[in-house]
Amino acid sequence: MRKIEEARTILKELQVPVKQQADLCCFVLLAMADMKEQNEWSDATNSWIRIHDVIAYTKANYGVIYAENSRETFRKQAMHHFRNAAFIEDNGKATNSPNYCYRLTDEMLMLLRSFGTETWADRLASFLQSHDSLIQLYASKRTMLKMPVRINGVDFTFSPGKHNELQKAIIEEFAPRFAPNSECLYVGDTTEKDLVKNVDKLSTLGFEITLHDKMPDVVLYSEEKNWLYFIESVTSVGPMEPKRIKEIEEMTAGVKAGKIYVTAFLDFKTFKKFSESLAWETEVWIADMPDHMIHLNGDKFLGPRK
């Protein structure tokens, strides 16, 4: 099927993400331009068309069958992104209306009609100059959503999400209060596993880390007190329960520094959910109440676990 590969080439040159170069998206482009296998791109049209019509067109002209109940997949994987990229427009009807339709924008139509001709490169450059590509749009959006955080005097960004929101609070709120002047030796990110990892310092302190070891979410070190803070950022899983402490103890068998085990929560409600599984002689910090700690042992305040 030559036409589907041509459609994929067009989408690739328009700088859409790989997911929007999939067969489904190619068939959307072909159906909206009324491109059958034998047609030339110079004959492209932009009549109003429903997702139902795209599915029927694909079956009739390319022999590929999509179920009627896959319309939402078409909407989420193709239509939504194509509209963001200014490839298509809708007719303004309610989205649940049977008359809700899409068509190629006039600008996109003229671009498609030039594919395979000597004017394609100039028209493509003009289109990309007038409209941010999807890759640029989504990269910009992801950058905007990222959370700035300063770690050891260096600026980083965390990906968006509750887990990283809590890690940011641990670095910026917990550390100054309960681990003053400490250095962050390790912190991960939901998309970049080892955002900060001071391998040399960890090794000097006696860590033996293998590829299979799961580091605590945040590791802080106070040189003044020779204390290590092992902190788990818990939004849905992974508190400092006895099994987890045993794992960390095995990983740090050669570490002489005092060890403090902390489970951090965003709010008291989440803490209550995990309270029964927390190990004794550990600490709890709740971001909603940053000035206070809960110590799971009555005989002493914050200090290394014996």
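How many helices and strands are there in the chain? I counted 11 helices and 11 strands. I note at the start that this is a predicted model.

**Overall dimensions**

I looked up the extent of the chain next. The C-alpha atoms fill a box of roughly 80 × 40 × 30 Å along the principal axes. I then compared the radius of gyration with the globule rule: the chain has 28 Å, while a compact globule of 306 residues would have a value near 19 Å. For burial, I found that 45% of the 306 residues are buried. I also checked the sequence range of contacts. Taking those between residues at least 6 apart in sequence, 55% join residues at least 24 apart.

**Aromatic pairs**

I searched for ring pairs and the count came to 17 aromatic pairs. One of them is Trp41 with Phe115, which is edge-to-face, with 6.0 Å centre to centre and 80° between the planes. I placed both residues in the chain: Trp41 is in the loop between helix H2 (23–32) and helix H3 (51–62), and Phe115 is in the loop between helix H5 (106–113) and helix H6 (120–130). The two are 74 residues apart, and the pair links distant parts of the chain.

Are Trp41 and Phe115 buried or exposed? The cut-off for buried is under 20% relative accessible area. Trp41 has 4% relative accessibility, so I list Trp41 as buried. Phe115 has 17%, so Phe115 counts as buried as well.

I went on to Trp227 and Tyr229, an edge-to-face pair at 6.4 Å centre to centre with 65° between the planes. Trp227 is entered as buried because its relative accessibility is 16%. Tyr229 is entered as buried because its value is 1%. Both residues also belong to a cluster, in which ring pairs link Phe174, Phe178, Trp227, Tyr229 and Trp285.

**Asp217**

I turned to an acidic residue. Asp217 is in the loop between helix H9 (199–205) and strand S7 (218–222). Asp217 is buried and has no salt bridge. Which side chain of opposite charge is nearest to Asp217? I found Lys214, at 4.3 Å. A salt bridge needs the charged atoms within 4 Å, so Lys214 does not qualify.

I then looked for what the side chain of Asp217 does reach, and found the backbone nitrogen of Ser233 at 2.8 Å. Ser233 also appears in the contact list of Asp217, drawn up without neighbours within four places in sequence. The other entries in that list are His163, Gln167, Tyr186, Val187, Gly188, Ile231 and Glu232.

Note on methods
Residues numbered from 1 in each chain as written. Predicted model: local features only at pLDDT ≥ 70, side-chain atom pairs only at ≥ 80, totals over all residues. Heavy atoms only, no water. Helix = DSSP H or I, 4+ residues; strand = E, 2+ residues; numbered from the N terminus. Buried < 20%, exposed > 50% of the residue type's maximum accessible area, 1.4 Å probe, protein only. Lys, Arg positive; Asp, Glu negative; His and termini not counted. Polar contact = N/O pair within 3.5 Å; in protein donor to acceptor, adjacent residues only side chain to side chain. Contact = heavy atoms within 4.5 Å. Phe/Tyr/Trp six-rings, centres within 6.5 Å; stacked < 30°, edge-to-face > 60°. Rg over C-alpha atoms; globule rule 2.2 N^0.38 Å.
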